[in-house]
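Dear colleague,

I am handing over the structure we spoke about, and my notes on it follow below. Please read them alongside the model itself.

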Amino acid sequence: FMDKDLLKEAYNIATNNFHRWWGFLSAGFLLGTVALMVYGLLPDDRIRFLHYAWGIIFLEIILFIYWLVYAFWIQKHDQKCTGLVICIYADSNDAERNLKRDFVDSIKKQFINSGINGVFKIHTIKNHLAPRFNNFESIYKLHNRVRGHIYIFGEVKKRKNGDEQYFLSLDGLVLHRPVPMQVSKELGRDFLATLPKGINFKDEFAFTGFQISADIVTKAVEYISGIAASISGNPFLATRLHNDLKNRIVSSTKKLPGDKVILSKIDNLLSNEYGIISAFYLSKNDQAKTYENLKLSLSLNSKCYQSLIVESITSFSWENDPKKSLSVLKKCHDVADPTWRYNEAFIHLWLEQYPSAWKQCEKIKKLNYSNEPDISRQVTEFNEKLLQTITDKPVLYFWLGFNYYFKQENLPFALQNFETFIQKADDSMILLIQKASSWLVDIKREGDWK
């Protein structure tokens, strides 16, 4: 029989260092030894040793394949939900066991209890691989293999500092798609602001310490995932995550690190998300849901730009109150986005306030924002629909011609609308008639029309 101390030593090496080549050799040695012991217990001539030896070789090959997967393979995220990658190295067996049982499992349970477990998929990097990915540069290498969205990385150490204590250090990185890289970096900065750099707690409070750490991480992940969801076009998921997060923090009697940062921003985030949802329902002509979400948005932030734009449109289109619409738009004057200028120019034209309308048109001519072509197309679509039922507003042809000429570079449509405007305009529109006449000369010269 094999020496028991040798077998025990081989077992310890195999269980504690299986990811190393010597751990694999120890496991292979144990497998072969146990197989030979079993063969020695079989009746003589029951199985030919040659056949049995081939079976042992087959098992060793299976063990080798399993070892390769265990030692080197990292699962890739399937992209159907938000991938949360946890890569925290534990420097002892106790730390590793507690990290999995009290930290990672706690995060999973909190997602389940909040009803958002379907939103996230957690990938835990094996402990022996974690030291390779413990800084920002190496996390990008891990990202190439996993393709996750949010990364929590760091280490947990058990040290004697008077009493036995755990020291947990955390960092985070957001590589969320389909948001632009610059936005991902900004999300990353917000994420780090909600994550504590270091936590320490006594061994006797290990369970509570890891639970609290998991709570902090869960909140940070919900917070940043909600922002990413909103940016990438899913405000419904964003409000779900952020409402759950806000309710949890507000209802908690004890505030944790990061809660103050989250609470200082979450109302504005929710306001903007409800504003986006109200714009969605506005496009569907669903008045009840538009007003419902508009009310929620403005109750959280009365200056929410997205919601003020929606309110200006509903005031004009559904309430037939252009003066209210103009009053709402005045609240947007400090915003760089050009949408409010287009809306304000239109309302001034509608109210026959032509000098004010022209001042805004002059400013719009000089604008050069990346989203302007889309804004201008929305303007022309809206005005062309109006002209299907309204015949007493020839100034709308001026507004159409202006957009087609200066923002869409559609000379034939600009020509057609400016000519129609001049034919139907009255003397009160003399300023606009002069401008349109001058542009017509330029258009005919550019297009070689007579």
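How exposed or buried is Lys 363? Lys 363 is partly exposed, because its relative accessible area is 45% and that class lies between buried, under 20%, and exposed, over 50% (1.4 Å probe, protein chains only).

Before going further, please note that this is a predicted model, in which local features need pLDDT of at least 70 and side-chain atom pairs count only at pLDDT 80 or more, while totals for chains, interfaces and linings use all residues. Residues are numbered from 1 along each chain as its sequence is written, and side-chain values use heavy atoms, with hydrogens and water left out.

Lys 363 lies in helix α14 (helices are DSSP runs of H or I with at least four residues, numbered from the N terminus), and together with Lys 359, Lys 365 and Lys 366 it gathers in a patch of positive charge on the surface. Such a patch joins like charges within 9 Å, taken from residues with over 30% relative accessible area and no salt bridge, that is, no side-chain nitrogen of Lys or Arg within 4 Å of a carboxyl oxygen of Asp or Glu.

A patch of negative charge is formed by Glu 352, Asp 392, Asp 426 and Asp 427. Of these, Glu 352 sits in the loop between α13 (339-350) and α14 (354-366), and it counts as exposed because its relative accessibility is 52%.

Lys 407, in the loop between α16 (395-406) and α17 (411-424), is by contrast buried, at 14% relative accessible area. Its side chain makes a polar contact (a pair of N or O atoms within 3.5 Å, one able to donate a hydrogen and the other to accept it; residues adjacent in sequence count only if both atoms are side-chain atoms) with the side chain of Glu 372, at 3.0 Å, and a polar atom of the Lys 407 side chain lies 2.8 Å from the backbone oxygen of Ile 364.

With best wishes

Definitions and conventions: Patch = residues over 30% accessible without salt bridge, like charges linked within 9 Å, V, L, I, M, F, W, Y side chains within 5 Å. Areas by Shrake-Rupley, 256 points an atom, 1.4 Å probe, with all protein chains shown as cover. Lys, Arg positive; Asp, Glu negative; His and termini not counted. Charge placed at Lys NZ, Arg CZ, Asp CG, Glu CD. Helix = DSSP H or I, 4+ residues; strand = E, 2+ residues; numbered from the N terminus.
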